[in-house]
Amino acid sequence: MSNADLLPRLQRLLGEDGKLLDVAVDHGAVNEPALLGGISDMREALETLRAAGPDAIQLTPGMARLLAGRRSSADPRLVLRTDVSNVYGAAVPRSPSCELLPGAVTTAVRIDAACVVANLLLLPDQPELHSQCVRNVGALRQECERVGMPLMVEPLVMAPNETAGGYQVDGDLDRITALVRQAAELGADVIKADPCSVPAEFHRVITAASGVPVLVRGGGRAQDTEILERTVAIMRQGAIGIVYGRNIFQHQNPTAMVAALMAVVHDDVDAPTAAELLHRHSAA
């Protein structure tokens with residue numbers, strides 16, 4: 001799919017080269033204290049990220065208000081979170097849910113978001129939660145069609161909370177490809193997928209998406225070398241970009257990590273070159 005085939009807002013989100021580094025900073029909505037490291041002061045965190053210059057920042061409606069009246073054409077584009085789930089803790093709660101925020105698409109239009117994003121969660125033994133996410137995506141698809149708003153869907157195959165903690169990647173390629181295909185079938189304009197355990201096989205995820213652009217999420221905090229090597233490998237398998245949160249905002253130097261990852265995404269540098277960029281910007 002060429003950029004000319006994309007919705008105008010999605011063309012703006014992806015930029016001229018069709019690539020994207022989206023920094024997800026929507027973790028505060030899920031009511032898990034462990035996810036607030038690095039973003040406890042959102043005003044400070046957003047100032048740092050704006051200055052770092054990623055392509056986009058992913059926020060909830062409440063935190064997007066911090067940018068109201070202050071955004072310029074030079075700022076990162078805005079991706080707006082439309083749902084809130086409660087399944088990111090050490091154990092799945094008694095009543096797992098993923099609730100749509102009322103009027104989120106209207107809010108996205110009003111504040112000039114380039115895209116909205118919603119979950120398609122697959123947790124062990126939680127079919128009702130998955131069904132709720134399918135309904136959410138269907139409702140959003142209808143609203144997005146009406147106003148020309150691109151819909152990013154996150155098909156997330158999560159490992160058991162009891163053994164891995166909340167929000168951890170399962171990594172099973174067969175399950176990831178099946179859920180990515182479902183996201184494409186439900187009408188996603190762009191897909192934010194899990195990384196698989198063997199990055200060299202990520203082309204199977206791209207194939208399953210059937211032409212829908214695929215981004216990759218970062219998952220839990222990883223060592224610099226691991227995250228750079230994985231990003232290079234997955235980008236070279238056909239992903240158009242990444243959506244990373246904790247591996248950027250919890251880094252000791254978020255600005256340096258953004259610079260290194262932007263070079264991987266947009267300039268196709270290898271992992272050693274990206275690591276050198278990270279070191280150089282960290283020392284500056």
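This passage describes the overall form, one helix, the internal cavities and several individual residues of a predicted model.

The secondary structure of the protein comprises 12 helices and 10 strands. Along the principal axes, the C-alpha trace spans about 50 × 40 × 40 Å. For a chain of 284 residues, a compact globule would be expected to have a radius of gyration near 19 Å; the protein has 17 Å, and the two therefore agree. Of the 284 residues, 54% count as buried. Among the contacts with a separation of 6 or more, 69% are accounted for by residues 24 or more positions apart.

Helix 5 was examined in greater detail. This helix covers residues 127-147, 21 residues in number, and reaches 31 Å from its first C-alpha to its last, close to the 30 Å expected at 1.5 Å a residue. An α-helix has 3.6 residues a turn, so residues three or four places apart point the same way. The buried residues of helix 5 are Leu 129, His 130, Gln 132, Cys 133, Asn 136, Val 137, Leu 140, Arg 141 and Cys 144. The cover over these buried residues includes strand 5 (98-100), helix 4 (104-110), strand 6 (115-122), strand 7 (151-157) and helix 7 (173-185). Just after helix 5, Gly 148 adopts a positive phi of about 70 degrees.

One residue of the covering helix 4 may be considered individually, namely Thr 107. Thr 107 has a relative accessible area of 18% and is therefore buried, the limit being under 20%. Apart from neighbours within four places in sequence, Thr 107 is in contact with Pro 61 and Leu 80.

A second buried position is found in strand 9 (residues 214-217), which contains Leu 215. Leu 215 counts as buried because its relative accessibility is 0%. Although Leu 215 and Lys 192 are 23 residues apart in sequence, their C-alpha atoms are 4.6 Å apart in space. When neighbours within four places in sequence are left aside, Leu 215 is in contact with Val 190, Ile 191, Lys 192 and Ala 193, with Ile 240, Gly 241, Ile 242 and Val 243, and also with Leu 20 and Met 152.

Empty space inside the protein was considered next. Rolling a probe the size of a water molecule over the atoms shows where empty space is left. A search of the whole structure finds 3 cavities of 30 Å³ or more. The largest cavity has a volume of about 140 Å³. Of the 13 residues lining the largest cavity, Asp 26, His 27, Val 30, Arg 81 and Tyr 88 are the closest to its centre. Strand 4 (residues 83-85) gives the most to this lining, with 3 residues. Divided by class, the lining of the largest cavity holds 6 nonpolar, 3 polar and 4 charged residues.

Two loop residues are notable for their backbone angles. Most residues other than glycine have a negative phi, and most peptide bonds are trans. Asn 31, although not a glycine, has a positive phi of about 65 degrees. Asn 31 is located in the loop between strand 1 (20-24) and helix 2 (42-52), and its relative accessibility of 67% means that Asn 31 counts as exposed. Asp 125, likewise not a glycine, has a positive phi of about 60 degrees. Asp 125 belongs to the loop between strand 6 and helix 5. With a relative accessible area of 73%, Asp 125 is exposed.

Technical notes
Residues are numbered from 1 along each chain as its sequence is written. This is a predicted model: local features need pLDDT of at least 70, side-chain atom pairs count only at pLDDT 80 or more; totals for chains, interfaces and linings use all residues. Side-chain values use heavy atoms; hydrogens and water are left out. On a 1 Å grid over the protein atoms alone, a cavity is a set of points where a 1.4 Å probe fits but cannot get out, and a pocket is an open set with protein on both sides within 12 Å along at least five of seven lines; lining residues have an atom within 4 Å of a point. Grid points are joined across faces, edges and corners, and a volume is the space filled by probe spheres set on the points. Helices (H or I, at least four residues) and strands (E, at least two) are DSSP runs, numbered from the N terminus. Ala, Val, Leu, Ile, Met, Phe, Trp, Tyr, Cys and Pro count as nonpolar, Asp, Glu, Lys and Arg as charged, and the others, Gly among them, as polar. The expected span of a helix is 1.5 Å times one less than its number of residues. Buried means under 20% relative accessible area, exposed over 50%, partly exposed in between (1.4 Å probe, protein chains only). Contact means heavy atoms within 4.5 Å. The radius of gyration is taken over C-alpha atoms; the globule rule is 2.2 Å times the number of residues to the power 0.38.
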